Amino acid sequence: MTRATVLLMLSMGCIGDDDDDDGRESESEAEAESESENECISDCAMAARCGDDDGCGGHCDGACMAGFCQRGYCCDPAWPSCCEGAATTLSTDTANCGSCGFACEAGDECRVGLCGATCAPSCAGDCGDDGCGGSCGSCDEGSVCIDRSCAACVPVCTGISCGSDGCGGSCGDCAAGETCTLGACSACTPSCVGRLCGDDDDCGGTCDGACPGGGVCAAGACSGACAPDCAGKACGNDGCGGSCGSCAEGFDCQAGMCACTPWCSVLGRQCGSDDCGGSCGACDEGDVCGGLGTCVLAPEIVGCSDSTREGFANLDVYAEIASCQAAWAAQSMRATRTGAACGNNLAACPVPEDACAGGWHLCMKNGWPGDLADRISGDDCTSPGVAGPVKFVGGSSIAVAANNCTLPLPCNGNSEVCCGAGCYFGDNSWNDCVWPNQTAWVSWGDCNNVGSVSDGVLCCQDPPVVGY
């Protein structure tokens with residue numbers, strides 16, 4: 001029962017206070033009246049409002065009678081733009097310039113969605129732009145606007161046999177099968193390569209012979225049953241969108257047959273596999289086939305297990321010593337070799353001496369200076385052009401104490417014997433054990449804990465030299 005109903009009944013004497021039942025009824029109606037007062041009435045039905053708060057903590061559905069809902073207002077889709085339910089044009093509306101709510105300052109106007117000073121049109125002539133995005137007029141047919149004045153248009157066809165004359169007319173048409181290019185007619189060559197039935201042939205015609213399986217092209221469509229044809233084919237298209245088979249790995253389909261292209265000449269291989277089950281050739285006696293398919297000297301001749309030596313390159317002069325670039329984890333330089341082939345052209349070495357080929361050993365691994373001094377001179381060792389471009393180390397410290405060359409030298413101390421670029425040489429009382437006053441060293445820490453990333457080792461041909 002609403003408050004209006006209760007007041008009406010009281011005024012008519014329909015509700016009394018002397019009857020108990022009436023009292024109970026009045027109490028119930030009062031409760032109902034209280035509930036009615038707390039009930040919220042949605043305002044979603046208000047004109048043009050949509051998609052907004054309904055005034056009762058809820059949300060309007062936003063269903064407009066026509067058009068769409070934008071920022072709580074219904075907009076007509078026929079309007080150029082809509083701001084707060086009103087039609088507008090954002091490119092010229094000073095109150096909504098470029099976007100809803102963005103107003104231009106007083107005295108400015110909105111042009112192409114941007115605010116700016118008011119533009120004063122200028123039409124000193126009969127035609128052309130008025131300077132504010134408008135027009136001063138247009139010229140009659142047969143005339144053109146030149147410097148804001150209309151003037152007779154003079155057709156220009158000199159040296160032109162086809163195309164426009166510049167005044168809306170034509171300088172001529174090309175014959176059938178010809179096209180107009182830069183004012184000249186030229187024969188057109190139809191092209192149907194890779195095109196389907198009915199495709200444009202670039203000359204105003206259509207391609208009509210590209211139907212698979214012997215089908216006929218008519219009105220841009222193929223007709224007739226397609227019969228797969230795999231006669232004499234081991235692979236490729238069957239003519240009807242299917243396949244006559246596929247080739248094994250390494251083989252390509254060429255004219256319906258599986259074929260393999262040897263990669264010897266392409267990759268410059270001299271030896272090894274041609275990737276087609278054959279060979280690129282054999283190496284001469286004493287050479288071996290390297291990882292890149294080129295013939296290289298056998299490791300036992302080069303001295304390095306990857307068949308490349310980076311120092312002491314002249315085999316005729318330095319037949320018994322080689323600088324071999326390699327990487328290995330920090331460990332003793334005298335670790336027992338595993339026999340794995342390694343080096344900068346293969347892989348990191350398990351132990352330093354693995355960089356040396358079979359029949360070769362890590363120089364001075366036995367601690368005797370003669371293992372180096374009997375093969376090269378101190379000048380050879382300290383010359384990067386001879387010994388190599390980085391630091392190459394042996395398997396021994398250069399001394400055990402100042403001026404102490406107790407032999408054989410152990411693998412400890414803080415300096416290892418070294419040849420090549422980056423080694424140290426100077427007035428050091430520890431450098432007298434291999435070449436007196438000329439022994440080079442490297443400060444890599446204890447010989448029992450040496451690691452390398454881009455350097456290498458000195459490899460000497462067996463047998464090791466014992467004694468000085």
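Colleague: What makes you say that the side chains of lysine 365 and glutamate 353 meet in a salt bridge?

Modeller: Happy to explain, with the reminder that this is a predicted model. The lysine nitrogen has to be within 4 Å of a carboxyl oxygen. For lysine 365 and glutamate 353 the N to O distance is 2.6 Å, so the pair meets the definition. Lysine 365 lies in the loop between β19 (360–362) and α5, while glutamate 353 is in the loop between β18 (328–331) and β19, so the bridge ties together parts 12 residues apart in sequence.

Colleague: Why is glutamate 353 called buried, and why is lysine 365 called partly exposed?

Modeller: Buried means under 20% relative accessible area, and partly exposed runs from there up to 50%. Glutamate 353 has 4%, so it counts as buried. Lysine 365 has 22%, and is therefore partly exposed.

Colleague: How do you know that arginine 375 and glutamate 320 form a salt bridge?

Modeller: By the same test: their N to O distance is 3.4 Å, and the limit is 4 Å, so the pair qualifies. This pair links distant parts of the chain, 55 residues apart. Arginine 375 sits in the loop between α5 (370–373) and α6 (378–382), and glutamate 320 in the loop between α4 (299–302) and β17 (321–325). Arginine 375, at 14% relative accessibility, is buried because it falls under 20%. Glutamate 320, at 41%, is partly exposed. Together with Asp371, these two residues are linked in a network of salt bridges.

Colleague: What about lysine 391 and aspartate 455: what makes that pair a salt bridge?

Modeller: The N to O distance there is 3.5 Å, so it too is within 4 Å. Lysine 391 belongs to strand β20 (residues 391–397) and aspartate 455 to the loop between β23 (450–452) and β24 (456–461), with their positions 64 residues apart in the numbering. Both residues are buried. The search of the whole structure finds four salt bridges.

Colleague: Why is the pairing of histidine 361 with aspartate 371 called a polar contact?

Modeller: The two side chains come to 2.9 Å, and the cut-off is 3.5 Å, so the distance condition is met. Histidine 361 is in strand β19, and at 7% relative accessibility it counts as buried. The residues it touches include Glu353 and Arg375, which brings us back to the salt-bridge partners named above.

Colleague: How do you know that tryptophan 263 is partly exposed?

Modeller: Its relative accessible area is 39%, which lies between 20% and 50%, so partly exposed is the right label. Tryptophan 263 is placed in the loop between β14 (257–259) and α3 (264–267). With Val266 and Leu267, Trp263 forms a nonpolar patch on the surface, having about 300 Å² of accessible area together.

Colleague: Turning inward, which residues have the most contacts inside the largest nonpolar core?

Modeller: They are Cys324, Trp328, Met333 and Val457, in a core of 24 residues. Strands β17, β19 and β24 each supply at least two residues of this core. Valine 457 touches Cys324, Trp328 and Met333, among others. Apart from this core lies another, of 22 residues, among them Ile398, Cys419, Trp435 and Cys460.

Note on methods:
Residues numbered from 1 in each chain as written. Predicted model: local features only at pLDDT ≥ 70, side-chain atom pairs only at ≥ 80, totals over all residues. Heavy atoms only, no water. Helix = DSSP H or I, 4+ residues; strand = E, 2+ residues; numbered from the N terminus. Buried < 20%, exposed > 50% of the residue type's maximum accessible area, 1.4 Å probe, protein only. Polar contact = N/O pair within 3.5 Å; in protein donor to acceptor, adjacent residues only side chain to side chain. Contact = heavy atoms within 4.5 Å. Patch = residues over 30% accessible without salt bridge, like charges linked within 9 Å, V, L, I, M, F, W, Y side chains within 5 Å. Areas by Shrake-Rupley, 256 points an atom, 1.4 Å probe, with all protein chains shown as cover. Core = buried A, V, L, I, M, F, W, Y, C linked by side-chain atoms within 4.5 Å. Lists of a residue's contacts leave out its neighbours within four places in sequence.
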